[in-house]
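Me: I would like a close look at a single part of this model, the place where its two chains meet. Please go through the charged pairs there one at a time and say where each partner sits.

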Amino acid sequence: MAAAPTRIDVLQLYRSLMRVARQFCDYNIREYTKRRTIDAFRDNKILTNCSQLSAAFSDGKAQLEVAKRRALVYSLYAPKVKSIMDIKPS
Amino acid sequence: MALRAAVLRHIRLPVQTLPAIGTRPQSQRSFLRLFSSHDDHLTKEEVIDRVLDVIKSFPKVDPSKVTPDVHFQKDLGLDSLDNVEIVMALEEEFKLEIPDKEADKIDSCNLAIVYIYNHPMAG
């Protein structure tokens, strides 16, 4: 098993996931990605077991790769009409 | 040399004094346009206001405690994950890309304001 991820690694993974979330064109998927990362990282905050930490960290990294690929593919088929939630009230 | 001087005399325009188009100071000023791309830099008050707005609209923050000197983790009781979220929200507000190394150092309102004010691309 790989060594336990350091605090910096965890925060970098968190930041990368949030950045990937920003790249999605679809409002719903963007919000879901943000919500899911926040919830998952909060739930796992209390973990202290080394192997559980590594497992959660590698799971997060795998999800990051998935999200990156999905963001790229979604951007190829971006809808022309923006969601109403994206339009700021003027 | 003489040829060069003759050609230059031909090419060089004689200096003309422009006729005074009235003596209104407004018309003189309208001819002066600043083409610098840096004159729309944000003022310090604007940066402070917008940063405080972003922090106050964070759901876990008590808006009454937010001052320009507040420390995210010590005064507002947030943790490092919330810190990352706040820095992301500031990135979105000011349309910046803050690198990870700098973002890790932004721990308090003060540092955020100073960083954004000094950033040339803050919009």
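**Salt bridges between the chains**

Reply: Between chain A and chain B the count is 10 salt bridges. The model is a predicted one. Over all chains, the structure holds 16 salt bridges.

Side chains of opposite charge can pair when their charged atoms come close.

Next, the contact as a whole. On one side are 14 residues of chain A, in contact with 15 residues of chain B. About 1,500 Å² of area is buried between chain A and chain B, and carbon and sulfur atoms give 49% of that area. The two chains also have 11 residue pairs in polar contact, with both residues at pLDDT 80 or more. On the side of chain A that touches chain B, the elements that give two or more residues are α1 (7–23) and α2 (27–43) of chain A. Of the elements on that side, α1(A) gives the most, with nine residues.

Now the pairs themselves, starting with Arg15(A). Asp104(B) forms a salt bridge with Arg15(A), and their closest N and O atoms are 3.3 Å apart. This pair crosses between chains: Asp104(B) is in helix α5 (residues 100–105) of chain B, and Arg15(A) is in helix α1 of chain A. Is each partner buried or partly exposed? Asp104(B) counts as partly exposed because its relative accessibility is 31%. Arg15(A) counts as buried because its relative accessibility is 2%. The cut-off behind this is that buried means under 20% relative accessible area. Arg15(A) also forms a salt bridge with Asp100(B), where the closest N and O atoms are 3.5 Å apart.

The next pair is Arg22(A) with Glu91(B), a salt bridge whose closest N and O atoms are 2.8 Å apart. It too runs between chains, from Arg22(A) in helix α1 of chain A to Glu91(B) in helix α4 (residues 80–94) of chain B. Here the partner from chain A is partly exposed, because Arg22(A) has 25% relative accessibility. The partner from chain B is buried, because Glu91(B) has 1% relative accessibility.

For contrast, here is a pair inside one chain. Arg30(A) forms a salt bridge with Asp86(A), with the closest N and O atoms 3.3 Å apart. Arg30(A) lies in helix α2 of chain A and Asp86(A) in the segment after α3 of chain A, so this pair ties together parts that are 56 residues apart in sequence. At 16% relative accessibility, Arg30(A) counts as buried, while Asp86(A), at 23%, counts as partly exposed.

Back to the charged residues shared by the two chains. Which residues do salt bridges with shared partners join into one network? They are Arg15(A), Arg19(A), Arg22(A), Glu91(B), Glu97(B), Asp100(B) and Asp104(B). Two residues described above, Arg15(A) and Arg22(A), thus belong to one network.

Last, a part of the surface without such pairs. Leu72(A), Val73(A), Leu76(A) and Tyr77(A) form a nonpolar patch, and together they have about 480 Å² of accessible area. One of these residues, Val73(A), is found in helix α3 (residues 50–76) of chain A. Val73(A) counts as partly exposed because its relative accessibility is 32%.

Conventions
Residues are numbered from 1 along each chain as its sequence is written. Chains are lettered from A and ligands numbered from 1 in the order in which they are written. This is a predicted model: local features need pLDDT of at least 70, side-chain atom pairs count only at pLDDT 80 or more; totals for chains, interfaces and linings use all residues. Side-chain values use heavy atoms; hydrogens and water are left out. Patches are made of residues with over 30% relative accessible area and no salt bridge: like charges are joined within 9 Å, nonpolar side chains (Val, Leu, Ile, Met, Phe, Trp, Tyr) within 5 Å. Accessible areas come from the Shrake-Rupley method with a 1.4 Å probe; for residues, only the protein chains shown count as cover. A salt bridge is a side-chain nitrogen of Lys or Arg within 4 Å of a carboxyl oxygen of Asp or Glu. Helices (H or I, at least four residues) and strands (E, at least two) are DSSP runs, numbered from the N terminus. Buried means under 20% relative accessible area, exposed over 50%, partly exposed in between (1.4 Å probe, protein chains only). Contact means heavy atoms within 4.5 Å. Buried area is the accessible area (1.4 Å probe) that two parts lose on being put together, summed over both. A polar contact is a pair of N or O atoms within 3.5 Å; within protein, one must be able to donate a hydrogen and the other to accept it, and residues adjacent in sequence count only if both atoms are side-chain atoms.
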